[in-house]
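This report describes selected helices and the principal pocket of a protein chain. The sequence and structure are shown first.

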Amino acid sequence: MALPPSTKPLRADTERTVRAILEAAERVLSANPAATMEQIAEAAGVARTTVHRRFASRETLIGALSAWAAQRFHEAVEAARPETTPPDVALYQVTANVLRVKIGWGFAMGALPTDAPEVASVHADVLARCERLFARLRDAGVLPPDADLDWARRVYYALIHEAATRAPDTDAAMDALATRVVDTLLHGIGTRTTA
């Protein structure tokens with residue numbers, strides 16, 4: 001699990017501590033966005049001074065949390081191998097992976113600073129990969145040859161956003177949610193009629 005790209009390499013024990021703080025921050029801030037550094041330290045099982053040693057301020061902590069979530073988002077897309085996996089399989093895997101990150105790191109994903117260079121870089125790369133995946137879906141006949149790929153991608157993003165507002169509590173429920181997103185994108189929700 002990588003730390004934010006803006007941090008220098010850390011010793012393994014320090015990295016575990018930082019990870020524990022970031023994971024606790026996500027849990028605590030999701031439940032109470034006004035939570036204090038002390039509450040985060042308690043949830044992480046570390047001293048308040050440890051949190052302050054790693055993160056000078058609450059804003060610094062939230063910035064690191066957001067950068068870490070952006071990296072996890074990027075890794076989720078990469079893990080699906082959207083350029084080499086069959087496009088319909090890649091679409092499902094990207095969907096499932098991204099939903100896991102968006103649901104598991106909801107506070108951090110919502111706090112992503114759009115002007116941060118590392119976040120902009122992640123979003124630009126994910127956008128490019130998504131555009132290539134949608135072109136592959138069209139070329140494979142999964143999407144119609146005349147599909148407006150920009151519109152399809154925007155609808156897909158909206159579906160993922162809406163799906164992420166649900167919080168399935170099992171892997172099976174998460175997989176079903178990803179399947180529903182992909183099925184809705186590819187087949188809609190109406191019934192087909194013949195002329």
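What span should the 22 residues of H4 have at 1.5 Å a residue, and how far apart are its end C-alpha atoms? The expected span is 32 Å and the end C-alpha atoms lie 31 Å apart, which agrees. Helices are DSSP runs (H or I, at least four residues) numbered from the N terminus, and the expected span is 1.5 Å times one less than the number of residues.

This is a predicted model, in which local features need pLDDT of at least 70, side-chain atom pairs count only at pLDDT 80 or more, and totals for chains, interfaces and linings use all residues. Residues are numbered from 1 along each chain as its sequence is written, and side-chain values use heavy atoms, with hydrogens and water left out.

| Helix | Residues | Expected span | End C-alpha distance |
|---|---|---|---|
| H1 | 20 residues | 28 Å | 29 Å |
| H4 | 22 residues | 32 Å | 31 Å |

After H4 comes Arg81, with a positive phi near 50°.

In H1, the buried residues (under 20% relative accessible area, 1.4 Å probe, protein chains only) include Val18, Ile21, Leu22, Ala25 and Leu29. An α-helix has 3.6 residues a turn, so residues three or four places apart point the same way. Among the elements covering the buried residues of H1 are H2, H3, H4, H5 and H6.

The largest pocket holds about 540 Å³ of space. Closest to its centre, among 26 lining residues, are Phe73, Val98, Lys102, Met109 and Ile160. A pocket is an open set of points on a 1 Å grid over the protein atoms alone where a 1.4 Å probe fits, with protein on both sides within 12 Å along at least five of seven lines; lining residues have an atom within 4 Å of a point. The volume is the space filled by probe spheres set on the points, which are joined across faces, edges and corners. H7 gives the most to this lining, with seven residues.

How values were computed. Helices (H or I, at least four residues) and strands (E, at least two) are DSSP runs, numbered from the N terminus. Buried means under 20% relative accessible area, exposed over 50%, partly exposed in between (1.4 Å probe, protein chains only). Contact means heavy atoms within 4.5 Å.
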